[in-house]
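Grab a pencil and work through these exercises one at a time. Try each task yourself before you read its solution.

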Amino acid sequence: MATIGRVVTSRGPGTVERIRRHFLDLAAEFTLPDGQLSLPHTALLASRRVDG
């Protein structure tokens, strides 16, 4: 488990539940009907070759 997971789970069940509810509230607009998260993102890729 990642460090943040250890920090969260070490806080006790009440705190874990509050964090879970807050996460669900923040993620609601990105949650699909099947429960998966669909996070919008943009990527820019550039490449250049310099000779000499």
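**Exercise 1. Work out what share of the chain is buried.**

Start with the cut-offs: a residue is buried under 20% relative accessible area, exposed over 50%, and partly exposed in between (1.4 Å probe, protein chains only). Now apply them: buried residues make up 6% of the 52 residues in the protein chain.

Before you go on, two notes on the ground rules. You're looking at a predicted model, where local features need pLDDT of at least 70, side-chain atom pairs count only at pLDDT 80 or more, and totals for chains, interfaces and linings use all residues. Residues are numbered from 1 along each chain as its sequence is written, and side-chain values use heavy atoms, with hydrogens and water left out.

**Exercise 2. Describe the overall build of the chain.**

Step one is to list the helices and strands, which are DSSP runs numbered from the N terminus (helices: H or I, at least four residues; strands: E, at least two). The protein chain has two helices and zero strands. Step two is the radius of gyration, taken over C-alpha atoms and held against the globule rule, 2.2 Å times the number of residues to the power 0.38. The chain's radius of gyration is 19 Å, well over the 10 Å the rule gives for 52 residues, so the chain is more spread out than a compact globule. Step three is the box: along the principal axes, the C-alpha atoms fill roughly 60 × 30 × 15 Å.

For one pair to check yourself, take A28 and T15: they are 13 residues apart in sequence and 20 Å apart in space, C-alpha to C-alpha. A28 is found in the segment after α2.

**Exercise 3. Find the salt bridges and say where their residues sit.**

First, the rule: a salt bridge is a side-chain nitrogen of Lys or Arg within 4 Å of a carboxyl oxygen of Asp or Glu. By that rule you should count three salt bridges.

Next, look at helix α2, residues 13–27. Here E17 and R20 pair up at 2.7 Å, N to O; they sit three residues apart, about one turn of the helix. E17 also bridges to R21, with the closest N and O atoms 3.7 Å apart, and these two are four residues apart in α2, again about one turn. Put the pieces together and E17, R20 and R21 are linked in a network of salt bridges.

How buried or exposed are they? E17 is partly exposed at 29%, R20 is partly exposed at 42%, and R21 is partly exposed at 43%.

Finally, R49 pairs with D51, the closest N and O atoms being 3.2 Å apart. R49 counts as exposed at 72%, and D51 is exposed too, at 62%.

**Exercise 4. Which residues make a nonpolar surface patch?**

Patch residues need over 30% relative accessible area and no salt bridge; like charges are joined within 9 Å, and nonpolar side chains (Val, Leu, Ile, Met, Phe, Trp, Tyr) within 5 Å. Areas come from the Shrake-Rupley method with a 1.4 Å probe, and for residues only the protein chains shown count as cover. The answer is F23, L24, L37 and L39, which make a patch of about 390 Å². Check one member: L24 is found in helix α2 and counts as partly exposed at 44%. For the whole chain, the accessible surface comes to about 5,100 Å², of which 58% belongs to carbon and sulfur atoms.
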